[in-house]
Amino acid sequence: MPHKKPVCPILFLLLCVLAPSCREGASPASRGLAELDSYVAARPVYETRKRDQLEGIRKMIASTSGPRRLFDYGMYAADEYFSYSFDSTQFYLKRCLDIATQLHDVDRYNRAAIRLGHLYAKAGHYMEAYNRLFSQIDTNTLSGQLRIDYLMALYDFSRDLADNSGMVERPPIQDRGVYRQRLYGLLPKDSEQWRVLQMDELMTAKRFDAADSLAQLLLAGTKPEEHAYAIYAYERSVIAEMRGREDERLDWLVKSAESDIINAVKDYASLAVISQIVLPTDVERSFRYLRIAQEDAIAYNAKLRPWQISQFFMEIEDAYSARRIRAQRATLISSFLLAALTLLLLLLSWFLITRSRSLSRMQKELADRNLRLATANDSLGELNKALSRTDQVKERYIVDFLRRFSDNVNFVQSEDNHARNLLKQGKAEQLLKELSLSTRSEKSLKEFYRTFDQTFLQAICPDFVDRFNALLREDARFHPKPGSLTTELRIFALIRLGVDDSREIAELLHYSQSTIYNYKVSVKNAALGDRDRFEEEVKKIGK
């Protein structure tokens, strides 16, 4: 290893102080999450398409006068609104109940009542669902298909009630296995509804391979443009979770969320679950997904989903607190490093001052003993002046580094106080929005590069660019702005300082190792001399 000048480890300590704020939070996104981000960005397009479709239905209903046609169009509208707006679905179903009552049509009344009870059950209005399905429907009047619809509504009601056992309202209802067995006797074997029931039974029995095979069959019969695709993809994610396959689980959750976005569904679970999964590794993305899920749940206006999402906000607060603690710990470490750097600079200054004084005494003694050493005395006088200027430069950089660190500490404290006040005031949404718009990392990285360039060019090697260009062909030389370096020059500036490991260079400059390697190869290919000795020649610059 070649001998390094004392300033090299000092600059390395400086880089360690400034780098953590730029590195925090940087984690590569998987291909699936990146694809989901593109669907999230296109939400307004799918939302507009859905609203146009619903507006067409409303105009069609407004131009219809016959009660039976109004009933049919109303049920069609309720189906389209079912996963988009609880209030609108309830409005059309109640309107259909009124029409059926006026017509004295029992079948139409039962059809609307079953659908309304099903809506209440899916939205978490369990007592309303119980009253509608058990008290306001005469099961003796149900025809064959309506009996199947009625039992499916009770099956979903029982299943949702069991999955949300933390709810206070718990009406008396039989286990879903009872309704499943009754439906087996009414449904054609291997029909879509039969397979849904069979898949649930296999999952309950922990026969995950068989359940997954049925889920594959169900998905094969649907497209992402259909709401059923999102439901079946979510079921496959549940199966993957039970089998301990987390990567597969996330993959199916992403597919489910994408289908929900395509169909402009407002009442869903996939995106909120994804938010929980990515929280430990990607806080910003987790906040963004959860905010979207919360907005959609509020827009849908059901009772169950906002309650479920609200339970996750405690985890968000804990994650943010942990993040703040990490930032505080990094600040403390930076304080120790800066203190060590300051002490090292002070010791170096003391050494230079002591050495300067010693040289002065030597000059006087030599002048008294031999006048012929006058020329040597003049040279030593120039050396004293140079050392004095070096002391001034070191002192100026010490003050500058202390000022920058003080500003950084004040900024972090201000950000923490602001975030703490927002959380105390219950303004979590505002905090999420501010975090998603934060450019703190980018600004810190730019300041880091600027400080590195100025420190290297002013305090270490002022003629580095000219000396470096002398090693290259004329057409490959660099011409950066005064006082700054390009990415290639920063890489070889670090090599000049003794940092020649590509992984360490990548960490310091916040690039990938492959990027550092490509830059080094490109520059070496333009070398005037032996490219294999190029880095050794760079290390000799200024020595």
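Where do Phe464 and Phe468 lie, and how many residues apart? In this predicted model, both belong to helix 22 (residues 464-469). Four residues separate Phe464 from Phe468, about one turn of the helix. An α-helix has 3.6 residues a turn, so residues three or four places apart point the same way.

Aromatic contacts were examined next. A pair of aromatic rings is described by the distance of the centres and the angle of the planes. The structure holds 16 aromatic pairs. One of them joins Tyr184 and Trp194. Their ring centres are 5.9 Å apart, and the planes meet at 50°. The pair is tilted. Tyr184 belongs to helix 10 (residues 176-184) and Trp194 to helix 11 (residues 192-204), so the pair ties together parts that are ten residues apart in sequence. Both partners are covered. Tyr184 has a relative accessibility of 18% and counts as buried. Trp194, at 13%, also counts as buried.

Phe464 and Phe468 provide a stacked example. The centres of their rings are 5.6 Å apart, with 25° between the planes. Because planes under 30 degrees apart count as stacked, the angle of 25° places the pair in that class. Phe464 is buried, at 0% relative accessibility. Phe468 is likewise buried, with a relative accessible area of 0%. Both residues belong to one aromatic cluster, which also includes Phe452, Phe456, Phe478, Phe492 and Phe534.

Charged side chains also face aromatic rings. The charged end of Lys255 sits over the ring of Trp252. The distance to the ring centre is 5.2 Å. Arg490 lies over the face of Tyr449. Here the distance to the ring centre is 4.4 Å.

Helix 9 (residues 144-163) was then considered for its length, burial and packing. It has 20 residues. At 1.5 Å a residue, the expected span is 28 Å. The C-alpha atoms at its ends are 29 Å apart, which agrees. Helix 9 is mostly covered, with 14 of its 20 residues buried.

Two packed helices are described by the angle between their axes and the distance between the axes. Helix 9 packs against helix 10 at an angle of about 155°. The two axes are 8 Å apart. Angles over 145 degrees count as roughly antiparallel, and helix 9 and helix 10 are therefore roughly antiparallel to each other. The crossing of helix 9 and helix 10 is left-handed. Helix 10 also carries Tyr184, the partner of Trp194 in helix 11.

Terms used. Residues are numbered from 1 along each chain as its sequence is written. This is a predicted model: local features need pLDDT of at least 70, side-chain atom pairs count only at pLDDT 80 or more; totals for chains, interfaces and linings use all residues. Side-chain values use heavy atoms; hydrogens and water are left out. Rings of Phe, Tyr and Trp (its six-membered ring) pair if their centres lie within 6.5 Å; planes under 30 degrees apart count as stacked, over 60 as edge-to-face and the rest as tilted. Helices (H or I, at least four residues) and strands (E, at least two) are DSSP runs, numbered from the N terminus. Buried means under 20% relative accessible area, exposed over 50%, partly exposed in between (1.4 Å probe, protein chains only). A charge sits over a ring if NZ of Lys or CZ of Arg is within 6 Å of the ring centre and within 35 degrees of the ring normal. The expected span of a helix is 1.5 Å times one less than its number of residues. Axes are lines fitted to C-alpha atoms, for helices over the stretch in contact, and angles run from 0 to 180 degrees between N-to-C directions. Angles under 35 degrees count as roughly parallel, over 145 as roughly antiparallel, 65 to 115 as roughly perpendicular and the rest as oblique. A crossing is left-handed if the near helix is turned anticlockwise from the far one by less than a right angle, and right-handed if clockwise.
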